[in-house]
Amino acid sequence: MNQAEAAIEFQNVNYSTDGLHILKNITGSFPDGKITTLVGPSGAGKSTLFKLCNGLRSPDSGEIFIKGKLINEYNPIELRRKVGIALQSATMIKGSVLENLELPLTLQDQHIERNFAEELLHDVGLGGDLIERSAKDLSGGQRQKLSIARTLVNKPSVLLLDEITSSLDRVSQHDIEELIEKINRKYGTTMIWITHNLDQALRIGHYTWVMMNGELIESGESSLLRSPEDKRVQEFVKGEIE
């Protein structure tokens with residue numbers, strides 16, 4: 001895959017902290033406009049990889065390209081707008097749904113237009129009638145939808161999703177999966193989704209990365225999870241490695 005076809009590309013990327021080699025010579029790319037699921041045992045380096053993708057951490061060596069441009073050529077604000085992130089916790093500030101939705105713009109001393117706010121809420125399956133409701137009164141699934149809508153305020157071209165359904169019930173989980181597929185189709189947003197649920201990774205992902213011990217072990221179409229080539233991945237898929 002050339003850089004023009006990759007939303008994010010890693011070339012020989014290493015990262016260490018506190019004497020620990022967290023990411024080891026990562027080389028690979030996330031296809032533009034597709035959903036790539038990121039799986040592997042706890043401690044594999046998946047969340048650290050995300051922090052490199054949006055500039056919260058910098059690699060010790062190697063290069064990262066965002067849309068074909070070296071990551072350090074972006075200023076931090078531009079980079080965070082281009083690469084959004086939604087977390088498992090879906091943290092809300094005290095206030096209304098609208099105030100939470102507006103937060104990314106508030107930080108830039110701007111306000112959100114009501115029509116745009118209602119459009120975003122509709123896109124994520126939340127009715128416009130919720131716009132003045134206190135965010136603390138929302139269910140877990142509704143808060144996660146609002147969190148995703150909030151990441152869309154800056155119209156990112158890449159959206160990082162870190163275990164966003166792991167604390168939700170099955171119905172809410174299904175709703176979020178459908179939502180992510182809808183956003184991907186409607187906006188062409190590149191999605192990179194960390195999940196511990198291999199069925200979800202196979203069901204939702206166009207492509208999959210399997211990481212272990214800081215290394216990218218295997219990557220390709222998500223069907224690789226049905227018949228991985230690497231012995232370690234075979235053991236992981238069978239549940240023999242956690």
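Contact is taken here to mean heavy atoms within 4.5 Å of one another. The structure described is a predicted model, and in it Leu161, once its neighbours within four places in sequence are left aside, is in contact with Phe50, Ala86, Ile180, Met191, Ile192, Trp193 and Ile194.

Leu161 also belongs to the largest nonpolar core, which has 34 residues. Leu161 is one of the residues with the most contacts inside this core, a group that further includes Leu101, Ile112, Leu146, Ile148, Ile164 and Ile180. Two or more residues are given to the core by each of helix 3 (97-101), helix 5 (114-123), helix 6 (140-152), strand 7 (158-162), helix 7 (170-187) and strand 8 (190-194). Apart from this core lies another, of 26 residues, whose members include Val13, Leu23, Ala44 and Val83.

An open sheet is formed by four strands, which follow the order 2-1-4-5 with antiparallel pairing. Its edges are occupied by strand 2 (20-31) and strand 5 (69-70), each of which pairs on one side only. Between strand 1 (residues 6-17) and strand 2, the antiparallel pairing extends over eight bridges, and Leu20 in strand 2 is the bridge partner of Thr17. Helix 1 (residues 46-53) packs on this sheet, where it touches strand 1, strand 2 and strand 4 (61-66), and the direction of the helix makes about 115° with that of strand 1.

Helix 1 is itself mostly covered, in that six of its eight residues are buried. The buried residues of helix 1 are Lys46, Thr48, Leu49, Phe50, Leu52 and Cys53; of these, Phe50 has already been named among the contacts of Leu161. Just after helix 1, a positive phi of about 80° is found at Gly55.

The analysis of open space in the model points to a largest pocket with a volume of about 620 Å³. This pocket is lined by 21 residues, of which Arg80, Ile85, Pro104, Thr151 and Asn154 are the closest to its centre. Helix 2 (76-82), strand 6 (83-87), helix 4 (103-106) and helix 6 are the elements that give two or more residues to the lining, and the largest share, five residues, comes from strand 6. Helix 6 thus appears in two settings, giving two or more residues to the largest nonpolar core and two or more to the lining of the largest pocket.

Key:
Residues are numbered from 1 along each chain as its sequence is written. This is a predicted model: local features need pLDDT of at least 70, side-chain atom pairs count only at pLDDT 80 or more; totals for chains, interfaces and linings use all residues. Side-chain values use heavy atoms; hydrogens and water are left out. A nonpolar core is a set of buried Ala, Val, Leu, Ile, Met, Phe, Trp, Tyr and Cys residues joined through side-chain atoms within 4.5 Å. Buried means under 20% relative accessible area, exposed over 50%, partly exposed in between (1.4 Å probe, protein chains only). Two strands pair if DSSP finds at least two bridges between them. Axes are lines fitted to C-alpha atoms, for helices over the stretch in contact, and angles run from 0 to 180 degrees between N-to-C directions. On a 1 Å grid over the protein atoms alone, a cavity is a set of points where a 1.4 Å probe fits but cannot get out, and a pocket is an open set with protein on both sides within 12 Å along at least five of seven lines; lining residues have an atom within 4 Å of a point. Grid points are joined across faces, edges and corners, and a volume is the space filled by probe spheres set on the points.
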